[in-house]
Amino acid sequence: MSAEPILKASGLRKRYPIRKGVFMVRAGYVHALRDFDFEIRPGETVGVVGESGCGKTTLGRIVARVHEGEGSLVYRGRDGEEYEALGRLDGRRELAFRRDVQMVFQDPYSSLDPRMTIRKILLEPLEAHGLAKDAAATEAYLVELLTKVGLHADALARYPHEFSGGQRQRIAVARALALKPRLIVCDEPTSALDVSVQSQVVNLLKEIQAAEKLSYIFISHNLDLVRYVSDRIYVMYHGRAVEFGDAETLFTDPAHPYTVALLDSAPDWNPGSGRLLKGELKGEPPSPLWDPPGCPFEPRCPKAEGRCRCEAPELREIRGRRAACHLA
């Protein structure tokens, strides 16, 4: 695996304005993402986990430039050129970035246009990038894409509603692969699927990654799934990374109390334990409308002390990973 990251983010932020009254006067902001740093290397899978509302999807959509954000997002192109990818890009860089970074959305039905056949859905990105000049070669390539995701060529003439959820997600993966990208952002790609279908889609993604040397950002609530697919994992809370490091290290020796609570909230598969969960995380995250002066996890943390209420912890090296906790 190359040591040079293909994408490096620094201080990523996203806030949504709150407007009130007849004249829609701005009354504050909802802070969805706060000073988030990360990087991803060729062929690597980076997992992102956390509760609903912690900013996982916002992060993925900013990386894929579906949403605008603040901060810095430096992309290293195929030719080794590095440039800032947030904000406006010139035509050449815009096309290159859109081609290299694709996204698989959570709901495979709403992400596919119900009025378009599968042929048109797969053909659209090729036409947008001027890659569909030879009709016969393009048709053969569309069949190849469907074969790669385990579907038959006759699917090209059908519409999304004619397929099951798992088949629709396979079509969404084929669309993401159409431009031969370097990085795919997978936003809860299996959450809308049955358990048996989930394993098929995940194994498909791993097979394609091995064959194409792709990088993935894998966003999910399913901790076992993230552990299975990821090389490194970022744990998010209140729009921030509170811990990140090697997947096995993070699961076997978590440093941050929130990571411990997340792992304990996963189902306990030991029938002799007499309980469904290993533990229970009580309380609610702080409001996204404001930033607490200390650690945002302090009101829910069983180990919190006075320092945690008034001093925000910085990410620091702890037992082979980085964690934002005074007491770890």
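This dialogue reads the sheet, an aromatic pair, the largest pocket and the largest cavity of a predicted model.

User: Start with the sheet. In what order do the eight strands run?

Analyst: The open sheet has the order S6-S7-S8-S3-S9-S10-S12-S11. Its pairing is mixed.

User: Which strands stand at the edges, and why is one side of each left without a neighbour?

Analyst: S6 and S11 (316-318) are the edge strands. Each has a single partner strand, so one side has no neighbour in the sheet. From one strand to the next, the twist averages 25°.

User: Take one pair inside that order. In which sense do S7 and S8 pair, parallel or antiparallel?

Analyst: Parallel, over five bridges. S7 covers residues 183-187 and S8 covers residues 215-219. To find the register, look at Leu183: its bridge partner in S8 is Ser215.

User: Which strands do helices H2 and H9 touch?

Analyst: Helix H2 (residues 91-100) packs on the sheet and touches S6 and S7. Its direction makes about 40° with that of S6. Helix H9 (residues 257-264) also packs on the sheet, touching S3 (45-49), S9 (232-237) and S10 (240-246). The direction of H9 makes about 100° with that of S9.

User: Now aromatic rings. What describes a pair?

Analyst: Two values do: the distance of the centres and the angle of the planes. Here the count is nine aromatic pairs. One case is Phe38 with Tyr234. Their ring centres are 6.3 Å apart and their planes stand at 90°, so this pair is edge-to-face.

User: Where in the chain do Phe38 and Tyr234 sit?

Analyst: Phe38 is in strand S2 (residues 25-40), and Tyr234 is in strand S9. They are 196 residues apart, so the pair links distant parts of the chain.

User: On to open space. What volume does the largest pocket have, and which residues lie nearest its centre?

Analyst: The volume is about 370 Å³. The lining has 13 residues, with Arg98, Gln102, Met103, Pro125 and Arg175 nearest the centre. Strand S6 (101-104) and helix H3 (118-128) each supply at least two lining residues. By class, the lining of this pocket holds eight nonpolar, two polar and three charged residues.

User: And enclosed space: how many cavities of 30 Å³ or more are there?

Analyst: Three. The largest cavity has a volume of about 70 Å³.

User: Which residues line the largest cavity?

Analyst: Among them are His256, Pro257, Cys295, Cys301, Cys308, Cys325 and His326. Phe297 and Glu298 are also in that lining. The classes are eight nonpolar, two polar and one charged.

Conventions:
Residues numbered from 1 in each chain as written. Predicted model: local features only at pLDDT ≥ 70, side-chain atom pairs only at ≥ 80, totals over all residues. Heavy atoms only, no water. 1 Å grid on protein atoms, 1.4 Å probe; cavity = no way out; pocket = protein on both sides within 12 Å on 5 of 7 lines; lining within 4 Å. Points joined across faces, edges and corners; volume = space filled by probe spheres on them. Helix = DSSP H or I, 4+ residues; strand = E, 2+ residues; numbered from the N terminus. Nonpolar A, V, L, I, M, F, W, Y, C, P; charged D, E, K, R; others polar. Pairing = 2+ DSSP bridges. Axes fitted to C-alpha atoms, helices over the stretch in contact; angles between N-to-C directions. Contact = heavy atoms within 4.5 Å. Phe/Tyr/Trp six-rings, centres within 6.5 Å; stacked < 30°, edge-to-face > 60°.
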